[in-house]
Amino acid sequence: MNVFGYELFRKAPKGEALQSRPQITQSNPQGPMTALFQDYVFRKVSGDFYEALREGIPIIDTAITRLISMNGTLKIIGDNAKIVAALEDFCLNVPVNDTQKGMQAFLQNFGGETFEQGFSISEFLVTPDMKDIAGLRVADSKQIVYRRNKDNKAEPWYRYPGSQTVRSLSVPGDLVNRIMNATYGQVVNVCGTDERKLNPANLLYHSINNENSDPYGVSIMRSLEFVAQILATLQTSIKNVAERFGDPSYHVHYKASKSGSNEALESRRSSLQTDFNDVINAKRQGKSADLVTAGSLDSEINIKVIGHDGQILTYDTPLRHVLEQIVAKTNLPAWMLGIYWSTTERMATLEVEAALQDAKVRQLAMLPELIRLFSIVLTLRGYKWSSITIDPKKPGDWGVMFETPNLRDIVAQAQARFLNAQADMMGVVGAAGSAASIQLQTGASAEITD
């Protein structure tokens, strides 16, 4: 600026404005499960949600696996050896789904759907000659929808994969007659979705925690949705903290001299940013790199690790609080889920007894359907019988029961066998010692007499 022949310059401010650019990252508070929780609405049943919840949170998946194993294994019992042998052969060799075999594989799939979705439906297929069962198929419970018939009874329909999985017991009015008059096996298009009416005579059904007349049951994961969201948030936070402190971000601060303009300051900042990025990229490639800077007399450059002086939050208490709620919902001892809290032996024993009692209730609920299945198998194979039992101590031509391993009983039996063997051994030693003592005393008396 020229005034009266003199060139005038504006004096640089004592403290130049700080030039910085924030780096904004996308927020995913629950990591890859963020969208899942954002779409969830309380009391809106979604089979896809429960399936994803089990897949994304290992402790829930572990709990369902343990609950399935707690149901035990099937054992055929009875007094008729031929019938028992026939049922044992069926249990060992019956095809299940596409590639599996055996009733235990069937029970694993059946139980998995029950705990995950609240109920499970399977279909048994009869051979063309009507002399045996060709195989068992466990349906994806997410694709099962119940419709009310003219008698107001809920009947299962199979909704083909790729369709919306929201469950319902009602339909639009213009489809009521088509659904009411549908025959088993018939496919009806309901709101753009093909559904096939299933025949209850060919189905096996099991559910848990049914509410009133709702045939869908209640998933073991219900009431864990909110808790699972908190757990996913904590886990994602731990991941972010690990990434931040494991691969720390650096703060390069350039303190400029008192003279200069904002444009020059931005140019220097940009140059330092480029150089620092080059150094970081070189180190990530395994190369040795250093940052060399130069400044004027009053300039200063500082490089610090962001967060180095701060304290990392501890998550032990909130994590335990969330995990305790999940453990309480499953009704399994914490140690069965891989969580080892300080618990007395007596408390652990009570927890095991409660879990075994729950398993016994589920076993009794499944027995009627299994007895019906085995009865159909024997009828198709031409067997006749007069009585069925579910107790090995009671007579019957054939029967079925669940065997649930009890580690406490096995340990107690082993200890009892050891103590008995020890007592027997001590008894033998004691008897041998008494005989030797009698012999010595007899010998001594005879010697004195002589």
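**Packing of helices α3 and α9, and the internal cavities**

In this predicted model, helices α3 and α9 cross in a right-handed sense. Helix α3 spans residues 58-70 and helix α9 spans residues 316-330, and their axes, which come within 11 Å, cross at roughly 20°. Because angles under 35 degrees count as roughly parallel, α3 is described as roughly parallel to α9.

The contact between these two helices is formed on the α3 side by I59, I60, A63 and L67, which meet L323, I326 and T330 of α9. When the residues of this contact of α3 with α9 are divided by class, six are nonpolar and one is polar, while no charged residue takes part.

Attention was then turned to enclosed space within the model. A search of the whole structure finds four cavities of 30 Å³ or more, and the largest cavity holds about 60 Å³ of space. The lining of this largest cavity consists of I68, N71, G72, Q104, L107, Q108, G111, M366 and F402, so that residues from separate parts of the numbering, including I68 and F402, border one cavity. Helix α5, which covers residues 103-117, gives the most to this lining, with four residues. By class, the lining of the largest cavity comprises four nonpolar and five polar residues, and no charged residue is found in the lining.

Key: Residues are numbered from 1 along each chain as its sequence is written. This is a predicted model: local features need pLDDT of at least 70, side-chain atom pairs count only at pLDDT 80 or more; totals for chains, interfaces and linings use all residues. Side-chain values use heavy atoms; hydrogens and water are left out. Axes are lines fitted to C-alpha atoms, for helices over the stretch in contact, and angles run from 0 to 180 degrees between N-to-C directions. Angles under 35 degrees count as roughly parallel, over 145 as roughly antiparallel, 65 to 115 as roughly perpendicular and the rest as oblique. A crossing is left-handed if the near helix is turned anticlockwise from the far one by less than a right angle, and right-handed if clockwise. Contact means heavy atoms within 4.5 Å. Ala, Val, Leu, Ile, Met, Phe, Trp, Tyr, Cys and Pro count as nonpolar, Asp, Glu, Lys and Arg as charged, and the others, Gly among them, as polar. On a 1 Å grid over the protein atoms alone, a cavity is a set of points where a 1.4 Å probe fits but cannot get out, and a pocket is an open set with protein on both sides within 12 Å along at least five of seven lines; lining residues have an atom within 4 Å of a point. Grid points are joined across faces, edges and corners, and a volume is the space filled by probe spheres set on the points.
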